[in-house]
Amino acid sequence: MRSACISRRALLALALSCGVFASFAPASAQDASMPLKGETVRIYVGFSPGGGYDAYARMLAPHFEKKTGATVVVENRPGGGGLTALNQLVRAKPDGTNMMMLNGEGAIMAQLVKQDGVAYDMTKVNTLARVAHEQHLVLVRPDMPDTLKEIQAAGKKIKFSAVGRIDNLSDYAAVLCEALKLDCQIIVGYKGSKEAGLAMMNGEVDALTISDGSGNEYAQGGKAKVIAAIGNARSPFKPDVATVYEQFQLAPDRKWYMDFRLSIKDFGRVMVAPPGMAPDRLKYLQQVWKEILTDPAVLAEANKSQRPLSYEAPETLNKTIKEILESLSPDKIKDINEVLQKKYS
Amino acid sequence: MLDAFLSAGGQVFHPTVLAAMLFALPIGLVVGLLPGISGISALAFLIPFTFGMEPLVGLAFLLGSYTAVSQGGSMTAIVLGIPGEVPNAATVLDGHPLAKQGRAGYAIGAALLASALGGIFGCLILILLLPVMQPVVLAFASPENFFLCLAGIAFIGVLSSGAAVRGLIAGGLGVFLSLFGYDPTEGIPRFWFHFEYMLDGVRLIPLALGLFAIPEVLALMTSGKQIARGDSIEPISYRQGFQGAVAVLKHWGTSLRSSSLGAVIGVMPGIGGVTATFVAYAMARQTAGNPETFGRGRIEGVIAPEAAKNAEEGGALVPTLALGIPGSSSMALLLGGFVILGLQPGPEFLTKHLDIAFALAIICAFGNVVASASMFMLSKPLMQVTRIPGRVLAPILLVLVVIGTYSAQNNSYDVLWVFIFGLLGIAMERFYYSRAALLLGFVLGELIERYFLVSLKAHGPFFFMRPIALTIVALVLLGLLWPNRHRITRLGRPA
């Protein structure tokens, strides 16, 4: 009884606070060219305020408001490494008033390895646009050899730091070790990527794979050096550092692991909507996001706040998801699971 | 170096910078007074306002509000027994009993001066460490963090006045609750009963507010009486506050020890404010005479956590500026603010912007003093709250607690949990189990598990054979055994 009465109170409080934000929006004046005008649109963020996803959502929200006439509320719903918010999104009304600024790579990986708590299907979630994606760099301590070749030749065990078993840090380390047949140990359990970086700087581990923006920053004080880029192209932050593919001629079966992980990388930070949306509404949202994310003024603003944008069309992304989630054989999935989760623990 | 310092002083005392800070202070004070709404929320809310500001103006704005939040949080801890922020829970232990005796002013005065001095101390540490920051931060790896957390847990028995066994049971329960949800290293969910919310286990804010706020609200509701009771309640005046401030100077040893501890814990990324305040409290109890009177309104029990808390924030700026690695979650947000303002903290930051680093330290110290002074002005109406009848106060508090809990993560399950933990809090209070011990066990349980497993994997079974780690162990043993030194020496002698 009591909790019911309290949740009513909580709802009242919520309603009041939402009211404050939404009260200035005109009552939904439906306009065929601007179907969301006057509506309140929620952009879910699966992490606490202050992180990268939150920053991207808050940076883009005003532009979405301007284009659609809707009022945007960025809602932080942290939990389950972002899974909880996505699980909630797929249950939300698919009318364009609910969206999520998603860690697309993480969501696909979690579904692929059948992580506990996954209650969504990425092949059914509606993709609106890729907002950004990042290159990854390999960093080592200053007293380590200067090239991957020397490290490989030395044959010594190298320790990587990471946060969890399948996050961007440990995945890339695992596929790198698998592709180059390195003797690796990936130590997981660091609280965040910054702490994982600190562990390399204080010598607790030898190496780290991390997004190029952060990697470039860590390498500036001489406490770490960048020895390779992971990807098909060099990082704009470190144009003088060659990619792993440039440094090595990999056998196809070895190269496969890196290619596989890089195909998921293309997904990056992505804006998604619940499944089951009416086609015209979906098309409208996809068009709005395309216009926002390719607008030179928005791009300039994003670069200034060091949150660069790299739009990719939903069609391309959908093709990739299907390839990854539907065309892999059960044996191959088992093999990937083994490499990512067990082999280097 | 002196140039940078003087230039920093000149920049900070520029009218626009001062105005930004003074404008932000009241916002911070209000946020601090609202239970559950943390400094992190305040920063998240304020960061968009800094768009387009000059970097230093924006930073003054953010830091100014942030320093004020913790002062607000200690006020509710003393006056209402409800921690405004989780680290303030340690202040409840002795601050609230003082309020009940009608001496809220005394506790408020002590808390404000202690936190102002602690804040200044933390910033001094920051200034002193600026040139040598990197090696200091880098000297602490996982094994050192593990032993620091272990040191914290060793003090759990101390936290529970006169009932060490009950304290340990409560601490154990806290550790147990910390085991729910994703395990901190491999990410495998434990005890989640296929219930999505439980993937992240028990949340800190519902736990802290449930344990401390709900029993207080219930007591006010059922008795219907005001908080300050007793036969001879002093009239409300600033005199009490001054007496409290004098007490801080009288117990300068406690203030200094707690501030140093807070600053050291702040320097280590990831250990956090709750550990700082509780360990400082336990240390004060160990070193003061008549430890059994703690928990019934000892002023040292207010001074220690307050000094530690504000010193901790100064310390937390060290790794944030030196390495771009935030010393606390609020610092993580502040770091985001830096980037928006076009500054990139990290190794390069100190060579390029040493003056800004100094300026931040000065803002931090100055903000602490101004926040304390303005809170002191507000102390009279705050003391008045202790004289409001419970039946009027209780419903208002309940609404604030519910909103505060909900707003932390926008999750209505949190609100449900605040009541479940409220029941636990009521039972614990009734049977004299220390709620503080439970909270400390909960916070440290996760950290200990994380750092232990990482240390073991990265350094092998002899991870403790490191000079700093062994020094921490020695200091803890000394701290625990010192009050019993006479008993120990007696053991050595023949009967």
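Two residues are in contact if their C-beta atoms, placed from the backbone, lie within 7 Å. The structure treated in these exercises is a predicted model.

**Exercise 1. The contact between the chains**

Work out how many residues each chain gives to the contact, and which element of chain A supplies the largest share of its side.

Solution. Begin with the totals: 45 residues of chain A and 44 residues of chain B take part in the contact. Next, look for the elements of chain A that each supply at least two residues to the side touching chain B, which are helix 1 (2-22), helix 2, strand 2 (71-76), helix 3 (83-91), strand 7 (184-188) and helix 7 (193-201). The largest share, 8 residues, comes from helix 1 of chain A. Finally, sorting this side of chain A by class gives 14 nonpolar, 17 polar and 14 charged residues.

**Exercise 2. Helix 2 and helix 11 of chain A**

Decide how helix 2 and helix 11 of chain A are oriented to each other, and find which residues meet.

Solution. The axes of helix 2 (residues 52-68) and helix 11 (residues 279-294) of chain A come within 10 Å and cross at roughly 125°. This angle lies outside the range of 65 to 115 degrees for roughly perpendicular and is not over 145, so the two helices are oblique to each other. Helix 2 of chain A passes helix 11 of chain A in a right-handed crossing. On the side of helix 2, L60(A), H63(A), F64(A), K67(A) and T68(A) meet V288(A), E291(A) and I292(A) of helix 11. These residues divide into 4 nonpolar, 2 polar and 2 charged.

**Exercise 3. Helix 13 of chain B and its surroundings**

Check the length of helix 13 of chain B against its expected span, then identify what covers its buried residues and how helix 6 of chain B packs against it.

Solution. Helix 13 of chain B (residues 252-267) has 16 residues, which at 1.5 Å a residue should span 22 Å; the end C-alpha atoms are 23 Å apart, in agreement with that expectation. Among the buried residues of helix 13 are T254(B), S255(B), L261(B), V264(B) and I265(B). Their cover includes helix 6 (104-129), helix 7 (133-138), helix 12 (238-250), helix 14 (273-287) and helix 15 (300-323) of chain B.

Taking helix 6 of chain B from that list, its axis is 9 Å from the axis of helix 13 of chain B, and the two pack at an angle of about 50°. The pair is therefore oblique, and the crossing is right-handed. In this contact, A114(B), L117(B), G118(B), F121(B), G122(B) and I125(B) of helix 6 meet S255(B), S258(B), S259(B), G262(B), A263(B) and G266(B) of helix 13. By class, the contact has 5 nonpolar, 7 polar and no charged residues.

**Exercise 4. Helix 8 and helix 14 of chain B**

Describe the packing of helix 8 against helix 14 of chain B, including the handedness of the crossing.

Solution. Helix 8 (residues 142-154) and helix 14 of chain B pack at an angle of about 45°, with their axes 9 Å apart, and are therefore oblique to each other. Helix 8 of chain B passes helix 14 of chain B in a left-handed crossing. C149(B), A151(B) and G152(B) of helix 8 meet T275(B), F278(B) and V279(B) of helix 14, a contact with 4 nonpolar, 2 polar and no charged residues.

**Exercise 5. The setting of T405(B)**

Determine where T405(B) lies and whether T405(B) is buried or exposed.

Solution. T405(B) belongs to helix 19 (residues 390-409) of chain B. Because 28 other C-beta atoms lie within 10 Å, and 20 or more suffice, T405(B) is buried. The C-alpha atom of T405(B) is separated by 7.5 Å from that of V418(B), 13 residues apart along the chain.

Definitions and conventions
Residues numbered from 1 in each chain as written. Chains lettered and ligands numbered in written order. Predicted model: local features only at pLDDT ≥ 70, side-chain atom pairs only at ≥ 80, totals over all residues. Helix = DSSP H or I, 4+ residues; strand = E, 2+ residues; numbered from the N terminus. Buried ≥ 20, exposed ≤ 12 C-beta atoms within 10 Å, placed from the backbone. Expected span 1.5 Å × (residues − 1). Axes fitted to C-alpha atoms, helices over the stretch in contact; angles between N-to-C directions. Parallel < 35°, antiparallel > 145°, perpendicular 65-115°, else oblique. Left-handed = near helix turned anticlockwise from the far one by under 90°. Nonpolar A, V, L, I, M, F, W, Y, C, P; charged D, E, K, R; others polar.
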